Amino acid sequence: MNQRTSKILFVGIVLVGCLVSGGWAQTITVTVQADQAKPISKDLFGIFSEDINYAADGGLYAELVQNRSFEYSRGDNRNWNALSHWTLLESGPDQVAVTVESDQPLHPNNPHYAVLTVNEAGTRNGLSNGGFGGIVLKGGDPYDVSLFARVISGNPDGITVRLEDPQGQPLGQVQWTALKKEWTKHTAMIEPKADETYARLAVLISGTGTVALDMISLFPQKTFKNRPNGLRPGLAQTLADMKPAFMRFPGGCVAHGDGLENMYRWKDTIGPVEQRKAKRNIWRYHQTLGLGYFEYFQFCEDIGAKPIPVVPAGVCCQNSGNYLNLVPRGQRGIPMDEMDDYLQEIFDLIEWANGPATSTWGAKRAEAGHPEPFGLEYLAVGNEDAQTPVFQERFKMIYDAVKAKHPEITVIGNVGPFPDGREFEIGWAFAREHDIEMVAEHYYRPPQWFWSNLERYDSYGRSQAEVFVSEYAAHDTGRRTTLRSALAEAAMMTAFERNGDIVRMVCYAPLFGKIGNTQWNPDLIYFTNTEAAPTINYEVQKLFGNNAGDEYLPTAMTVEKPADQPDETPVRNGVLLGTWQTQARYDDLTIVSGTDTVLEESFERRTRNWNVLSGQWRVDNGTYVQTSDQTPALSMLTFEDDHTHYTVALRAMKTGGDEGFLIGFGALDTDHYYWLNLGGWDNTRHQIEKSVGGVRSPVGPSVQGRIESNRWYEIKIQVVQNRIQCYLDGRLIINMTDRGFEQTPDFAASTVRDTATGDIIVKLVSKADAPTTVTLDLRSVAPFNSKAVCTALSGDPMAENRHGREPAVRPTVSEIQVSEIFDYALRPHSLAVIRLSTRPRQ
């Protein structure tokens with residue numbers, strides 16, 4: 001192979017040779033090999049719905065009243081109580097009192113209710129609710145209003161529910177006068193007379209007496225598909241437009257929960273909403289569970305997506321206790337003597353989803369309005385669980401029991417929360433040992449990681465478990481939803497297609513983020529009470545979902561390097577010394593490159609060209625001292641080295657603070673480096689982190705450990721090619737390999753066939769800074785129509801589509817002339833989807 005040509009074979013090998021990058025115009029040839037087509041998953045691209053960032057209550061779920069059943073508590077949010085988001089209304093001083101009681105509840109699963117005592121009659125005695133940051137009303141549209149009431153004492157004349165604008169002017173109202181001494185549901189419909197974005201609902205008691213109130217609801221009739229207790233139509237349509245093959249729900253961390261008592265139990269989420277068992281949300285708010293299993297399954301059916309429910313694997317989240325800043329409790333398992341009951345709960349779920357209407361649980365589905373089975377095919381057991389014996393014992397018990405009773409169900413395991421490291425390796429070893437049919441992998445990594453891992457699944461054994469990438473996203477600097485991150489995901493999605501015979505399903509995470517109420521960024525779709533703001537990443541997911549295939553056509557790519565592109569210049573190496581909210585001393589630093597000692601630093605007099613990046617550094621008594629609380633505090637030194645064989649050794653002492661030491665190595669610059677984090681994560685573990693483009697993420701195994709104060713530690717890091725070995729006090733604590741900062745490809749490509757239509761779909765992704773001429777060789781797929789539809793995204797790699805602004809990047813759709821061999825002008829930083837029809841044009 002000559003110096004000017006490199007070849008990327010998107011068949012079983014991703015890249016051969018060196019790849020070029022940067023602002024140099026390049027020419028590539030893409031050859032589609034239809035004679036080697038292979039079947040791939042029909043369920044490849046889907047969505048994942050979890051109630052995080054107010055995605056359900058206050059988001060997709062259309063209920064407009066917040067805290068409708070008075071179940072909010074300090075356990076949900078430290079600033080909340082049972083009357084949060086309700087305001088007491090009084091016509092005069094001391095006319096009304098409100099309490100929250102639980103002695104005679106509407107239902108045991110819904111234990112709290114409000115009690116209003118009206119001592120003096122008035123026209124404005126009661127409660128008001130402003131919803132989730134305002135109630136949005138559309139003038140003339142019908143809204144169902146309902147509540148449960150019970151007269152405790154006195155003879156109140158009636159209850160009025162009024163919709164008001166922010167100034168208190170009425171927009172519509174209803175009244176009930178026949179109040180009873182037992183819990184009674186009152187329902188009506190209101191058509192507000194005008195639009196209003198910040199309306200409120202007032203519940204007013206006329207006359208005097210004491211009245212109990214619960215489940216006060218305002219629900220639009222115009223939901224998605226007009227379903228009762230349904231979904232907000234605009235947000236739901238945004239999902240339907242993606243044409244997802246499946247939907248995973250309800251979590252995520254919500255599924256296995258913040259402690260055993262907080263695990264998501266599907267039976268708590270079905271039946272009348274007033275009988276559902278609301279609970280604390282692991283993301284520090286509240287779940288009404290109005291959006292429950294029935295609504296999820298119904299929505300899947302409405303948009304043609306297969307349901308993938310996630311049930312806990314008999315264990316809670318390994319981070320339990322951390323979510324509310326409590327004492328960490330960690331992963332715990334359901335007691336083994338209770339596991340038979342839990343297994344029955346899972347069997348009941350399968351019967352509820354697939355059983356006839358005459359079965360016990362199928363009858364409950366039919367009672368909810370769906371007599372026909374839902375056709376459940378997949379069941380996920382667990383979510384990125386710590387791969388402990390506690391987890392493994394319970395997972396295996398569930399897996400074996402479900403496969404024995406329901407062999408038609410594909411049961412999905414998981415291999416922990418990371419794409420590499422100790423948990424990942426243990427998880428995969430367990431899956432192979434027990435012949436698990438499918439496992440879930442998760443990764444949230446910088447864009448560069450995705451480009452570096454395009455061949456990740458090429459080497460996966462085809463006889464082992466299939467893969468469900470059930471959570472992934474490219475996290476750019478500041479966790480922003482940039483075009484750069486979207487194109488990294490697009491490149492990886494071409495790899496998913498190429499490996500669609502082993503990668504069964506993939507979905508981005510998280511799905512929704514309500515602006516002003518996010519616990520996690522980035523998210524695929526941001527929204528407010530009135531509109532959705534899809535990201536560029538959403539546009540990529542939508543393009544792949546709308547242009548999926550069920551056959552992969554191997555796609556070979558040849559990249560020609562421009563004759564005038566200069567050779568790469570030698571790089572320098574660098575070390576960093578640092579801390580994170582910690583003070584420390586460093587001494588006796590030695591750096592050896594190959595067999596040559598390039599630095600011996602004892603810090604006796606001065607520091608040798610150290611570049612202080614942050615923190616307060618000085619030489620003191622022959623040591624290099626950092627005294628600030630900065631996060632991080634770093635000082636950097638560079639030296640001549642080719643990064644292939646070097647050793648960094650030093651001594652370090654912690655003198656104060658919360659964590660340990662940061663020892664950086666292999667640094668190309670201040671945005672590209674490794675650091676060994678000793679005593680990180682609140683002084684609980686040691687791990688290497690890698691910064692690519694200024695975005696850090698853990699790599700390799702995590703080792704439990706802590707750093708003590710006021711004692712010297714001996715630290716050594718040895719790098720030979722891709723092997724990294726880290727020693728602490730002479731003991732090897734980390735032994736791993738990594739690809740370093742090698743040049744990643746500028747291009748990715750895939751070709752699929754939709755056998756239902758016969759269409760051929762070519763996807764091209766570029767992160768190059770210059771335009772590229774792509775010669776497409778499609779002779780193997782001929783004949784096809786001479787006109788094709790091309791949808792493209794391109795722009796500034798750091799561009800974002802943000803709410804309140806004109807979208808920076810929009811898909812453009814055009815008709816292009818194609819032939820068996822033709823040239824396509826691929827724009828810089830772009831995705832192009834070219835769809836060719838093999839059917840005769842009408």
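Two strands are taken to pair if DSSP finds at least two bridges between them, and in this predicted model strands β3 and β28 (residues 551-552) are joined by 2 bridges and run antiparallel.

**Figure 1. The predicted model as a whole, with its 11 helices and 51 strands**. The protein has 842 residues and a radius of gyration of 30 Å, which agrees with the value near 28 Å that a compact globule of this length would have. Along its principal axes the C-alpha trace spans about 95 × 80 × 55 Å, and 59% of the 842 residues are buried. Of the contacts between residues at least 6 apart in sequence, 72% join residues that are at least 24 apart. The protein exposes about 32700 Å², of which carbon and sulfur atoms supply 46%. The mean positions of its 80 positive and 103 negative charges lie 1 Å apart.

**Figure 2. An open sheet of 7 strands with antiparallel pairing**. The strands follow one another in the order β3-β28-β45-β46-β51-β48-β49. At its edges are β3 (38-39) and β49 (812-817), each of which pairs on one side only. Where β3 meets β28, Pro-39 has Glu-551 of β28 as its bridge partner.

**Figure 3. Surroundings of Ala-34, a residue in the loop between β2 (26-32) and β3**. With a relative accessible area of 13%, Ala-34 is buried, because the cut-off for a buried residue is under 20%. Leaving aside residues up to four places away in sequence, Ala-34 touches Leu-553, Arg-753, Ser-780 and Val-781. Ala-34 and Thr-555 are 521 residues apart in sequence, yet their C-alpha atoms are 8.7 Å apart in space.

**Figure 4. Helix α1 (residues 233-240) and the elements that cover its buried residues**. In this helix Leu-235, Ala-236, Thr-238, Leu-239 and Ala-240 are buried. The cover over the buried residues of α1 includes two helices, α3 (293-303) and α10 (536-546), together with strands β4 (47-48), β25 (512-514), β26 (525-527) and β27 (532-534).

**Figure 5. Cis peptide bonds that precede Pro-510 and Pro-783**. The bond joining Ala-509 and Pro-510 is cis, with omega at about -15 degrees, and Pro-510 is found in the loop between β24 (503-506) and β25. The peptide bond from Ala-782 to Pro-783 is also cis, with omega near 5 degrees, and Pro-783 lies in the loop between β47 (772-777) and β48 (787-794).

**Figure 6. Positive phi values at Arg-479 and Asn-621, residues other than glycine**. Arg-479, with phi near 50 degrees, lies in the loop that runs between β23 (466-474) and helix α9 (483-498). Its relative accessibility is 38%, so Arg-479 counts as partly exposed. Asn-621, with phi near 55 degrees, is placed in the loop between β34 (617-620) and β35 (623-626). The relative accessibility of Asn-621 is 73%, and this residue therefore counts as exposed, the cut-off for that class being over 50%.

Technical notes:
Residues numbered from 1 in each chain as written. Predicted model: local features only at pLDDT ≥ 70, side-chain atom pairs only at ≥ 80, totals over all residues. Heavy atoms only, no water. Helix = DSSP H or I, 4+ residues; strand = E, 2+ residues; numbered from the N terminus. Rg over C-alpha atoms; globule rule 2.2 N^0.38 Å. Buried < 20%, exposed > 50% of the residue type's maximum accessible area, 1.4 Å probe, protein only. Contact = heavy atoms within 4.5 Å. Areas by Shrake-Rupley, 256 points an atom, 1.4 Å probe, with all protein chains shown as cover. Lys, Arg positive; Asp, Glu negative; His and termini not counted. Charge placed at Lys NZ, Arg CZ, Asp CG, Glu CD.
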